[in-house]
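Okay, thanks for making room for me. Have a look at the sequence and the model on the screen, and then I'll walk you through a few spots.

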Amino acid sequence: SVRDDDVTEVWVPGAFEIPLTAKTFAESGTVAAVICLGCVIRGETAHFEHVAGQCARGVQDAMLATGVPIVFGVLTTENLEQALARSEDEGGHNVGEEGAHTAIEMISLLARIRAMGQ
């Protein structure tokens with residue numbers, strides 16, 4: 001279980017800045033996992049695809065480079081309503097809550113795997 005005071009929350013200017021922030025936290029040695037939450041809403045240009053794809057790649061690269069679980073919870077939606085449906089308790093699908101469960105599961109899994117080598 002995770003206590004509220006074990007959680008550090010920061011905001012970034014945009015989705016493109018999430019990977020560097022996640023990598024910096026992971027490299028700090030002060031966190032067991034990082035959960036990246038955000039949303040990229042499709043607009044009228046291809047900007048949506050570039051931002052969302054590079055954000056996902058950057059988060060994966062940061063996780064692989066650091067060995068720290070970094071959970072990707074960045075939504076890609078057509079509109080605000082879809083984003084809210086995936087991030088509020090009433091919708092039954094809360095990507096933030098799912099990310100927290102995934103982080104805890106990955107921390108435990110990696111600890112078990114690393115313990116095998118000792």
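Let me start with a question: which residues in helix 1 meet which residues in helix 2? From helix 1 we have Ile 18, Pro 19, Lys 23, Ala 26 and Glu 27, and they meet Gln 54, Cys 55, Gly 58, Val 59, Ala 62, Ala 65 and Thr 66 of helix 2. Contact here means heavy atoms within 4.5 Å. Sorted by type, the residues of that contact are seven nonpolar, three polar and two charged. For the sorting, Ala, Val, Leu, Ile, Met, Phe, Trp, Tyr, Cys and Pro are nonpolar, Asp, Glu, Lys and Arg are charged, and the others, Gly among them, are polar.

Before going on, the fine print. This is a predicted model, where local features need pLDDT of at least 70 and side-chain atom pairs count only at pLDDT 80 or more, while totals for chains, interfaces and linings use all residues. Residues are numbered from 1 along each chain as its sequence is written, and side-chain values use heavy atoms, with hydrogens and water left out.

So how confident is the predictor? pLDDT is its confidence in each residue, from 0 to 100. The chain has a mean pLDDT of 92, with 97% of its residues at 70 or more. Among the elements, helix 1 has the highest mean, 98, and helix 3, residues 80-85, the lowest, 90.

Now the overall layout. There are four helices and two strands, and from the N terminus they run α-β-α-β-α-α. Those are DSSP runs numbered from the N terminus, H or I of at least four residues for helices and E of at least two for strands. The C-alpha trace spans about 55 × 30 × 25 Å along its principal axes. Of the 118 residues, 26% count as buried; buried means under 20% relative accessible area, exposed means over 50%, and partly exposed is in between, with a 1.4 Å probe and protein chains only. And if you take contacts between residues at least 6 apart in sequence, 64% of them join residues at least 24 apart.

Back to that helix pair. The axes of helix 1, residues 18-28, and helix 2, residues 47-66, come within 8 Å and cross at roughly 15°. That makes the two helices roughly parallel, which is the word for angles under 35 degrees, with over 145 being roughly antiparallel, 65 to 115 roughly perpendicular and the rest oblique. The crossing is right-handed, meaning the near helix is turned clockwise from the far one by less than a right angle.

One of the helix 2 residues there is Gln 54. Gln 54 is partly exposed, at 41% relative accessible area. Leaving out residues up to four places away in sequence, Gln 54 touches Phe 16 and Pro 19. From Gln 54 to Glu 17, 37 residues apart along the chain, the C-alpha separation is 10.0 Å.

Next stop, strand 2, residues 70-77, which holds Thr 77. Buried or exposed? Thr 77 is buried, with a relative accessible area of 1%. Not counting residues up to four places away in sequence, Thr 77 touches Cys 39, Val 40, Ile 41, Arg 42, Phe 48, Gln 82 and Ala 83. The C-alpha atoms of Thr 77 and Arg 42 are separated by 6.2 Å, with their positions 35 residues apart along the chain.

Last one: Arg 86, in the loop between helix 3 and helix 4. Arg 86 is partly exposed, at 32%. Outside its neighbours within four places, Arg 86 is in contact with Leu 75, His 93, Asn 94 and Val 95. Its C-alpha sits 8.1 Å from that of Leu 75, eleven residues away in sequence.

That's my tour, so over to you.

Notes: Axes fitted to C-alpha atoms, helices over the stretch in contact; angles between N-to-C directions. pLDDT = per-residue confidence, 0-100.
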